Amino acid sequence: MGFTHIWVTKQPNNEEKPMDDEILTIFCICDDLLKTLGYTDHPQAVMSNAEVMLVAIVAARSFGGNIAAACRWLNTSHWIPNMLRASRLNRRLHRIKDCFLTLFAIQSATWKTQCVSQIFNVDTFPIPVCDNIRIKRCQIYQDEIFRGYKASKRRYFYGLKLHLLVSQSGKPIEFFLTPGSTSDTKGILGFDLNLPQGSIVIADKAYNIYWYEDLLAEYGIKLMPIRKKNSKRPHEPWERGLQWLNRQTIETSGSLINQYLPSSIHAVTAEGFELKVVLFVLAFSLSFIFK
């Protein structure tokens, strides 16, 4: 499924290859997670589940999502001498796909406890599955619901929309994927917003939903979107200053995630495409461990 045969135009250079301590850290994190979740490896398994997760994360972090390139590098570097064939590795990877979301949830909970302030940022980012000129030939998604518009870039795209919530330091707290045509107004309703009381969530103009602001206020969370000029609830000067100081954080996070993405995410199925996007966000979250 998804990415049995993969190629990308973006090839990593020597500086992008992970260091030994990064690989060991990622492997230990995956191994501890699988043991906690009760996963056990078959006695005759050539590769452990932790090694399968390691291949996927290394591919997302250093090889633009190219699983085959990551396999070759890990094999020639003698990290995983007994590498599975592509088809079998692909099946093994999809069996444990839920573990990647679990790992992100655990990591985001850690970032949440480390937050010095209670200021968060929310925004959306387009994840195109193909160029607009190739929409009719796209086999992964075939519906107008996936055609979206990004106002900040003034262009249409065809694919998914990444909804992202980050802390003041840019660490990802929550994310989910929707079809490209999903509006930001509807998208924010998908966040759990399991945040401490007194938290402030800064957003752009698209998130002006008065009734939802009132609802969150009852739970001690202040949604603070940038107001339009004709808004009936204008912000105080100090609130506009707080928005201006923190708004760049979410834009930087989106740019950093975009650096992990290749020029073309090649996948065969929608499930495989979405899994690769999850891996890119997870790779971005894990990057804070090595800073």
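## A nonpolar patch at the surface

L189, W211, L215 and Y219 make a nonpolar surface patch of about 450 Å², where a patch is built from residues with over 30% relative accessible area and no salt bridge, nonpolar side chains (Val, Leu, Ile, Met, Phe, Trp, Tyr) being joined within 5 Å and like charges within 9 Å. Accessible areas come from the Shrake-Rupley method with a 1.4 Å probe, and for residues only the protein chains shown count as cover. The model is a predicted one, in which local features need pLDDT of at least 70 and side-chain atom pairs count only at pLDDT 80 or more, while totals for chains, interfaces and linings use all residues. Residues are numbered from 1 along each chain as its sequence is written, and side-chain values use heavy atoms, with hydrogens and water left out.

Within this patch, Y219 is placed in the loop between α7 (210–218) and β6 (221–225); helices (H or I, at least four residues) and strands (E, at least two) are DSSP runs numbered from the N terminus. Y219 counts as exposed because its relative accessibility is 56%, given that exposed means over 50% relative accessible area, buried under 20%, and partly exposed in between (1.4 Å probe, protein chains only).

## Aromatic pairs and a charge over a ring

The whole structure contains 10 aromatic pairs, a pair being two rings of Phe, Tyr or Trp (its six-membered ring) whose centres lie within 6.5 Å, with planes under 30 degrees apart counted as stacked, over 60 as edge-to-face and the rest as tilted. One of these pairs, F104 with F175, is edge-to-face, with 4.8 Å from centre to centre and 90° between the planes. Because F104 lies in helix α5 (residues 97–113) and F175 in strand β4 (residues 172–179), this pair ties together parts that are 71 residues apart in sequence. F104 and F175 are both buried.

Y149 and Y156 form a tilted pair, at 4.7 Å centre to centre and 55° between the planes; Y149 is partly exposed at 40% relative accessibility, and Y156 is partly exposed at 49%. One aromatic cluster is formed by Y141, F146, Y158 and F273. In addition, the charged end of K150 sits over the ring of F125, 5.8 Å from its centre, which requires NZ of Lys or CZ of Arg to be within 6 Å of the ring centre and within 35 degrees of the ring normal.

## A buried serine

S285 belongs to helix α9 (residues 270–286) and, at 0% relative accessibility, counts as buried. When neighbours within four places in sequence are set aside, S285 is in contact (heavy atoms within 4.5 Å) with F104, Q107, W111 and P172.

## Salt bridges

The structure holds 11 salt bridges, each a side-chain nitrogen of Lys or Arg within 4 Å of a carboxyl oxygen of Asp or Glu. Among them, R134 pairs with D131, the closest N and O atoms being 2.9 Å apart; R134 is partly exposed at 40% relative accessibility, as is D131 at 44%.

K161 and D184 also form a salt bridge, with their closest N and O atoms 3.7 Å apart, and this pair links distant parts of the chain, K161 being in strand β3 (residues 155–167) and D184 in helix α6 (residues 184–187), 23 residues apart. K161 is buried at 7% relative accessibility, and D184 is buried at 11%. The side chains of E239 and K222 meet in a salt bridge at 3.5 Å, N to O, joining helix α8 (residues 237–260) to strand β6 across 17 residues; E239 is buried at 8% relative accessibility, whereas K222 is partly exposed at 35%. Finally, D123, D204 and R247 are joined into one network by salt bridges that share partners.
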